[in-house]
Amino acid sequence: MEGIGGDGASVASPMPQWGHDAWRMYQYYLDKSTPHSTYRWIGTLVIVAIYCLRVYYVQGFYIVAYGLGIYLLNLLIGFLSPLVDPELEGSDGPLLPTKGSDEFKPFIRRLPEFKFWYSMTKAFCIAFVMTFFSVFDVPVFWPILLCYWIVLFVLTMRRQIGHMIKYKYIPFSIGKQKYSGKKGSASSSGSRGD
């Protein structure tokens with residue numbers, strides 16, 4: 001009796017084990033891609049191009065594209081927003097230093113770049129798969145959806161950019177910033193060395 005139960009358990013276990021191994025391999029490659037942001041974004045652009053070609057040749061699925069656009073706008077807002085909103089924090093002024101005695105508080109995003117990339121890529125993959133099911137091909141007048149999305153984008157980004165200007169934060173940084181010292185002192189130290 002024990003041999004029959006043991007055999008049944010071993011026959012049923014390879015499928016969940018295979019799924020677990022596939023998930024671990026997926027996580028491994030996802031972790032390895034973390035420092036290579038340029039290649040990740042190039043891969044995402046390829047996926048976006050494939051999705052756009054699919055929608056263009058099928059001439060449909062505008063509701064899926066509109067929903068994808070709204071979701072991407074939400075992700076963009078999270079990417080451009082600070083983790084701690086100065087309006088909700090109760091401070092009366094910018095978080096960046098205005099005087100020499102102020103402490104520097106760096107810009108920390110509400111949605112980090114990796115999560116922004118991962119969510120965006122996953123959304124395009126899901127939208128691409130949805131284009132193979134005719135239930136999502138709802139007949140709509142696409143110029144109206146495009147106008148709605150443009151108005152929503154302009155209003156949202158105007159508010160977001162106004163917020164960035166008011167609180168003096170820049171959400172984009174290229175590399176790690178280094179202190180290089182004063183320009184005048186570097187030239188004077190070079191002349192003293194001679």
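**Helix 6 and its surroundings in a predicted model**

Q: In this predicted model, does Glu113 count as buried, partly exposed or exposed, and what is its relative accessibility?
A: Buried means under 20% relative accessible area and exposed means over 50%. Glu113 falls between these limits, so it counts as partly exposed, at a relative accessibility of 24%.

Q: Which residue forms a salt bridge with Glu113?
A: A search of the whole structure finds 1 salt bridge. In the salt bridge of Glu113, the closest N and O atoms are 3.0 Å apart, within the 4 Å cut-off. The partner is Arg40.

Q: How many residues apart in sequence are the parts that Arg40 and Glu113 tie together?
A: Arg40 forms a salt bridge with Glu113. Arg40 belongs to helix 3 and Glu113 to helix 6, so the pair ties together parts whose separation in sequence is 73 residues.

Q: Is Arg40 buried or exposed?
A: The limit for buried is under 20% relative accessible area. Arg40 has a relative accessible area of 5%, so it is buried.

Q: How far apart are the end C-alpha atoms of helix 6?
A: Helix 6 covers residues 113–130, which makes 18 residues. At 1.5 Å a residue they should span 26 Å. The model agrees with this, because the end C-alpha atoms are separated by 26 Å.

Q: Which helices are included in what covers the buried residues of helix 6?
A: The buried residues of helix 6 include Phe116, Trp117, Met120 and Phe124. Their cover includes helix 2 (14–32), helix 3 (37–58) and helix 4 (62–80).

Q: What is the area of the nonpolar surface patch that includes Val129?
A: Val129 lies in helix 6 and counts as partly exposed because its relative accessibility is 45%. The other members of the patch are Phe132, Phe133, Val135 and Phe136. The area of this patch is about 490 Å².

Q: What separation do the C-alpha atoms of Asn74 and Thr156 have?
A: Asn74 is in helix 4, and it counts as exposed because its relative accessibility is 52%. Along the chain, Asn74 and Thr156 are 82 residues apart. Their C-alpha atoms are separated by 9.5 Å.

Q: What percentage of the span 140–157 is helix?
A: An unreviewed UniProt entry lists residues 38–57, 63–84 and 140–157 under "transmembrane region". Residues 38–57 are 100% helix, with end C-alpha atoms 29 Å apart. For residues 140–157 the end C-alpha atoms lie 26 Å apart, strand is 0%, and helix is 89%.

How values were computed:
Residues numbered from 1 in each chain as written. Predicted model: local features only at pLDDT ≥ 70, side-chain atom pairs only at ≥ 80, totals over all residues. Heavy atoms only, no water. Helix = DSSP H or I, 4+ residues; strand = E, 2+ residues; numbered from the N terminus. Expected span 1.5 Å × (residues − 1). Buried < 20%, exposed > 50% of the residue type's maximum accessible area, 1.4 Å probe, protein only. Contact = heavy atoms within 4.5 Å. UniProt positions renumbered as here; feature names shortened; annotations may be inferred. Patch = residues over 30% accessible without salt bridge, like charges linked within 9 Å, V, L, I, M, F, W, Y side chains within 5 Å. Areas by Shrake-Rupley, 256 points an atom, 1.4 Å probe, with all protein chains shown as cover. Salt bridge = Lys/Arg side-chain N within 4 Å of Asp/Glu carboxyl O.
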